[in-house]
Amino acid sequence: MTIQLELPEQLEQGITRAAAHAGMSVQDYVLRVLTADQDAAGGSRQARIERAGALARTSYQAWTAAGRPESGTMTMDEVFG
């Protein structure tokens with residue numbers, strides 16, 4: 001199956017750098033990242049908790065990078081204990 005995605009430039013650059021650092025093609029790198037994510041999603045409770053934390057951190061970083069306010073919000077520790 002072939003899927004084409006349009007990625008934000010910053011994400012594309014990060015993926016390209018990470019793949020090069022790992023000595024892999026971008027396609028192989030993305031495939032391994034997605035496979036690891038799927039394994040974590042169906043894995044142990046701890047693996048699912050760590051995956052949820054990683055997804056939450058990514059969403060938070062995107063929120064603040066877009067210039068959205070942080071004042072009056074809860075910290076990650078308040079949300080996830």
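**Pockets and helix contacts in a predicted model**

The residues that line the second largest pocket divide into four nonpolar, four polar and no charged. The structure discussed here is a predicted model. The elements that give two or more residues to this lining are α1 and α3. Of these, α3 gives the most, with four residues. The lining itself consists of Pro8, Gln10, Leu11, Gly14, Thr58, Gln61, Ala62 and Ala65. The volume of the second largest pocket is about 270 Å³.

Now turn to the largest pocket. Its volume is about 880 Å³. Three elements each give two or more residues to its lining: α1, which spans 9-21, α2, which spans 26-41, and α3, which spans 45-65. The most comes from α2, with 10 residues. In total, 24 residues line the largest pocket, and those that lie nearest its centre are Leu5, Ile15, Val30, Leu31 and Leu34. Sorted by class, the lining of the largest pocket holds 16 nonpolar, five polar and three charged residues. Charged residues are therefore present in this lining, whereas the lining of the second largest pocket has none. As for how such spaces are found, rolling a probe the size of a water molecule over the atoms shows where empty space is left.

The next topic is how the helices pack, beginning with α1 and α2. Their axes are 9 Å apart, and the angle between them is about 95°. Angles of 65 to 115 degrees count as roughly perpendicular, and α1 and α2 are therefore roughly perpendicular to each other. On the α1 side, the contact is made by Ile15, Thr16, Ala18 and Ala19, and on the α2 side by Val26, Tyr29 and Val30. By class, this contact of α1 with α2 has six nonpolar residues, one polar residue and no charged residues. Two of the names have come up before: Ile15 and Val30 are among the residues nearest the centre of the largest pocket, and both take part in the contact between α1 and α2.

The second packing to follow is that of α2 with α3. Here the axes come within 7 Å and cross at roughly 125°. That angle makes α2 oblique to α3. From α2, the residues in the contact are Asp37, Ala40 and Ala41, and they meet Ala47, Arg48 and Arg51 of α3. The contact of α2 with α3 divides into three nonpolar, no polar and three charged residues.

Which two side chains meet in a salt bridge? They are those of Asp37 and Arg51, with a distance of 2.7 Å from N to O. Asp37 belongs to helix α2 and Arg51 to helix α3, so the pair ties together parts that are 14 residues apart in sequence. Both residues also appear in the contact of α2 with α3. A search of the whole structure finds one salt bridge.

How values were computed. Residues numbered from 1 in each chain as written. Predicted model: local features only at pLDDT ≥ 70, side-chain atom pairs only at ≥ 80, totals over all residues. Heavy atoms only, no water. 1 Å grid on protein atoms, 1.4 Å probe; cavity = no way out; pocket = protein on both sides within 12 Å on 5 of 7 lines; lining within 4 Å. Points joined across faces, edges and corners; volume = space filled by probe spheres on them. Axes fitted to C-alpha atoms, helices over the stretch in contact; angles between N-to-C directions. Parallel < 35°, antiparallel > 145°, perpendicular 65-115°, else oblique. Contact = heavy atoms within 4.5 Å. Salt bridge = Lys/Arg side-chain N within 4 Å of Asp/Glu carboxyl O.
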